[in-house]
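Subject: Structure handover, aromatic contacts

Hi,

Here is the structure for you to open. My notes are underneath.

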Amino acid sequence: MWFDKWCSIGPIEQIVSRRDRYDFRLKDDMVVAEYRQLYGDSWPDEWRRKYPVLDQIKVPELKNNHDAMWNRLNIQERLLIWNPGASYNCHLCDIEVDSVQHLFFKCDYSKQVWGKLKEKLLFRGLSNELHVIMEMMAIYPYKKQIWSILTRLVIDASVYFVWQERNKRCFQGVKRNSEELITIVQDYIKVKLLTLKVKDSKAVREVEQKWGVNLMKRM
Ligand SMILES: [Zn+2]
């Protein structure tokens, strides 16, 4: 985040000092996804007052959802930034201690969500643990085939909405049970599927049947 050259002026590290970053507890090896989780697409006001040039510089974009997802999972420290020194029970299952590890790999709530969604992929006998599939997909190069697109879409959406649910419960006190969340994720995926233009194939028809959608066909 700080040392890559995102703009013509140079790396952000040449504008914002290490001290400034330290004051905001933004660590040196922070990645774009981590920054955006905390500040979205703006710079802290104090920095903008101190370094007006920042107004000309956009916060770097995430490369794609998949990168964002992987980055997100590497951010266990963020929990410590939010809750210094405290440990809480998981906001989703209220059984184990809240951590990114638990949330995505062990939590019963996320397992229910993932367990339901994986049935709508084109694979048989997938693991119940989302991280096993994520590791598998990380090895595969990105392909434009429907199974690859759908798998990534389902993984990204599962991770994103579980994370969102955790944050909603944590910060807004809003709760949705796993059935409700599954419906939300499925609706989101359907909308995404409807924006695709695909070549007709057996796999495409299987997706249409599983998801109850009609995909746009390329001639
Ligand atoms: Zn849990």
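The notes below cover aromatic rings and a charge over a ring.

This is a predicted model, so local features need pLDDT of at least 70 and side-chain atom pairs count only at pLDDT 80 or more, while totals for chains, interfaces and linings use all residues. Residues are numbered from 1 along each chain as its sequence is written, and side-chain values use heavy atoms, with hydrogens and water left out.

There are 4 aromatic pairs in the structure. Rings of Phe, Tyr and Trp (its six-membered ring) pair if their centres lie within 6.5 Å; planes under 30 degrees apart are stacked, over 60 edge-to-face, and the rest tilted.

One of the pairs is Tyr160 with Phe161. Their ring centres are 5.1 Å apart and the planes sit at 85°, so this pair is edge-to-face. Phe161 also pairs edge-to-face with Tyr188, at 5.2 Å between centres and 70° between planes. That second pair links distant parts of the chain: Phe161 is in helix α9 (residues 146-172), Tyr188 in helix α10 (residues 178-194), 27 residues apart. Helices here are DSSP runs (H or I, at least four residues), numbered from the N terminus.

Tyr160, Phe161 and Tyr188 make one aromatic cluster. Phe161 is buried, at 8% relative accessibility. Tyr160 is partly exposed at 37%, and Tyr188 is partly exposed at 29%. Cut-offs: buried is under 20% relative accessible area, exposed over 50%, partly exposed in between (1.4 Å probe, protein chains only).

Lys120 lies over the face of Trp211, 4.8 Å from the ring centre. The test: NZ of Lys or CZ of Arg within 6 Å of the ring centre and within 35 degrees of the ring normal.

Best wishes

Key. Helix = DSSP H or I, 4+ residues; strand = E, 2+ residues; numbered from the N terminus.
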